[in-house]
Each structure stands twice: as structure tokens, then as C-alpha cells.
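Ready for a few exercises with worked solutions? Have your viewer open and try each task before reading on.

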Amino acid sequence: MIKELITRNRSYRRFDENVKISTEQIIKWIDLARLSASGRNAQPLKYAVVTAEEKCERIFPFLGWAGYLSNWKGPVQGERPVAYIAVINDRNIAENHYCDDGIAMQSILLGAVEDGFGGCMIGSVNKAKVAKILELDEKHELLWVIALGKPIEKVVVEEAENGNIKYWRDDEQVHHVPKRPIDEIVLLTDN
């Protein structure tokens with residue numbers, strides 16, 4: 001069950017903008033992050049939920065979408081995210097958030113996928129511009145933006161060949177994600 005959920009949890013970048021997500025639904029997914037592990041149990045992460053169409057439109061231009069798809073500028077109108085979660089480190093609690101951000105985002109996205117939605121963790125963000133839109137102060141460090149929506153693209157996980165791990169799209173716009181074979185990533189077993 002968990003393997004299937006993790007396999008379905010891809011970096012979705014194209015969504016059906018007609019299918020909205022409520023703030024309450026997103027808070028349910030954030031609660032999964034709240035219950036997840038936290039380094040030193042400090043729990044320094046905070047979240048800003050954006051579902052208002054106007055604010056989503058203001059944030060969109062400040063996000064980078066797919067480094068390996070250099071000719072693609074991101075989703076077109078009608079395929080853009082309907083919501084965002086800004087992942088924020090509260091420096092009033094801790095300067096170092098360790099690996100909490102990755103754990104939290106994975107928990108959020110697994111919840112989204114389980115409920116029939118999907119998203120993309122975006123690290124290529126003009127943080128100053130988005131922080132201004134969100135009215136964050138200097139003690140609240142913007143780390144990531146998670147784009148959310150109802151995916152309209154097919155993503156296929158496949159075995160990487162010859163070390164080539166670059167994702168790509170075929171002529172039918174199927175998104176292919178090569179993963180290194182298990183025998184390449186397990187370095188040692190004790191038997």
C-alpha cells in the first residue's frame with residue numbers, strides 16, 4: 001500500500017484548474033506534516049496556505065517549473081495550480097530546520113495523492129517576491145512552495161539506463177521519470 005502511494009506521488013506540474021481544493025482539505029494534509037518526525041522535535045516549520053485565485057496568479061510568475069525541460073516555461077492557463085503551500089522556517093523557534101522540510105513535504109504530498117490530488121515541491125522560487133506577497137517578516141524564512149491541484153498529466157516511473165536520470169516528456173506529453181536501479185543504490189548488505 002505505501003509503495004503504491006509513494007510511486008503515485010510524483011512531481012505533478014499540470015493541473016485541472018476547474019477542480020478547486022479547500023483550505024480545510026489542505027490543513028488536513030498539513031496536519032500529517034505536524035504529526036511527522038522533527039529534528040530535536042523542535043517543530044520550527046510553519047505553513048502559509050494560498051487558495052485565492054488572485055494570490056495564486058501573483059505567486060505563479062515567481063516559480064521555476066522543470067529544470068530538465070528547458071524549453072517549457074511552466075503550465076499554461078487552465079493547467080496551473082489551484083493552491084500553494086509556502087513552507088516556512090520560523091527562526092523564532094530555530095535557525096536550523098535540519099531535514100524537517102523534506103519529511104513534512106513528503107507527508108503533505110502523500111496525503112494529497114491519497115485524496116486524489118497531487119503537487120510539486122518547488123525550490124526554484126524568487127523567495128523575496130513570494131515572501132512579500134505573503135507578508136512574511138524576517139523571522140519567517142520561506143523555504144519552499146508546494147504547488148497543488150488535480151493532476152492532468154500522466155507520469156511514468158521507469159528504470160534509469162546508463163546513469164541517465166533526467167526526466168523527460170514524450171510526444172504525447174507523458175512525463176517519464178527514470179529511477180536508478182536498486183542494485184546501484186544499495187552499497188552494502190551485511191550478509
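**Exercise 1: Two glutamines in loops**

Gln-173 sits in the loop that links β6 (168-169) to β7 (175-179). Keep in mind throughout that this is a predicted model.

Task: Find the sign of phi at Gln-173, and then examine Gln-43 in the same way.

Solution.
- Step 1. The phi of Gln-173 is positive, at about 65°, although this residue is not a glycine.
- Step 2. A positive sign deserves a second look because most residues other than glycine have a negative phi.
- Step 3. Gln-173 has a relative accessible area of 38%, so it is partly exposed.
- Step 4. Gln-43 also is not a glycine and has a positive phi, of about 55°.
- Step 5. The location of Gln-43 is the loop between α2 and β1 (45-50).
- Step 6. With a relative accessible area of 41%, Gln-43 is partly exposed.

**Exercise 2: Cysteines**

Task: How many disulfides does the structure hold? Then explain why Cys-120 has no bond to the closest cysteine sulfur.

Solution.
- Step 1. Recall that a disulfide is a covalent bond between the sulfur atoms of two cysteines.
- Step 2. The cut-off to apply is a sulfur pair within 2.5 Å.
- Step 3. For the sulfur of Cys-120, the closest cysteine sulfur belongs to Cys-56 and is 15 Å away, so the pair is too far apart for a bond.
- Step 4. The count of disulfides in the structure is zero.
- Step 5. Now compare surroundings: Cys-120 is buried, at a relative accessible area of 2%, whereas Cys-99 is partly exposed, at 47%.

**Exercise 3: Asp-16 and Glu-24**

Task: Is Glu-24 buried or exposed? Which residues does Asp-16 contact, apart from its neighbours within four places in sequence?

Solution.
- Step 1. Glu-24 belongs to helix α2 (residues 23-35).
- Step 2. Exposed means over 50% relative accessible area; Glu-24 has 60%, so it is exposed.
- Step 3. Glu-24 and Val-49 are 25 residues apart along the chain, and their C-alpha atoms are separated by 9.8 Å.
- Step 4. Asp-16 lies in the loop between α1 (2-8) and α2, and its relative accessibility of 24% makes it partly exposed.
- Step 5. Once neighbours within four places in sequence are set aside, Asp-16 contacts Gly-78, Val-82, Lys-150 and Ile-152.
- Step 6. For another distance from Asp-16, take Asn-126, which is 110 residues apart from it along the chain: the C-alpha separation is 25 Å.

**Exercise 4: The whole chain**

Task: What radius of gyration does the chain have, and what would a compact globule with 191 residues have?

Solution.
- Step 1. Begin with the elements: the chain has six helices and seven strands, in the order α-α-β-α-β-α-β-α-β-β-β-β-α.
- Step 2. A compact globule with 191 residues would have a radius of gyration near 16 Å; the chain has 17 Å, so the two agree.
- Step 3. Along the principal axes, the C-alpha atoms fill a box of roughly 45 × 45 × 30 Å.
- Step 4. Of the 191 residues, 42% count as buried.
- Step 5. Among contacts with a separation of 6 or more, 75% are between residues 24 or more positions apart.
- Step 6. Turn to the surface: the chain exposes about 11100 Å², and carbon and sulfur atoms supply 51% of it.
- Step 7. Finish with charge: the 25 positive and 29 negative charges have mean positions 4 Å apart.

Conventions
Residues are numbered from 1 along each chain as its sequence is written. This is a predicted model: local features need pLDDT of at least 70, side-chain atom pairs count only at pLDDT 80 or more; totals for chains, interfaces and linings use all residues. Side-chain values use heavy atoms; hydrogens and water are left out. Helices (H or I, at least four residues) and strands (E, at least two) are DSSP runs, numbered from the N terminus. Buried means under 20% relative accessible area, exposed over 50%, partly exposed in between (1.4 Å probe, protein chains only). The radius of gyration is taken over C-alpha atoms; the globule rule is 2.2 Å times the number of residues to the power 0.38. Contact means heavy atoms within 4.5 Å. Accessible areas come from the Shrake-Rupley method with a 1.4 Å probe; for residues, only the protein chains shown count as cover. Lys and Arg count as positive and Asp and Glu as negative; His and the chain ends are not counted. The place of a charge is taken as NZ of Lys, CZ of Arg, CG of Asp or CD of Glu.
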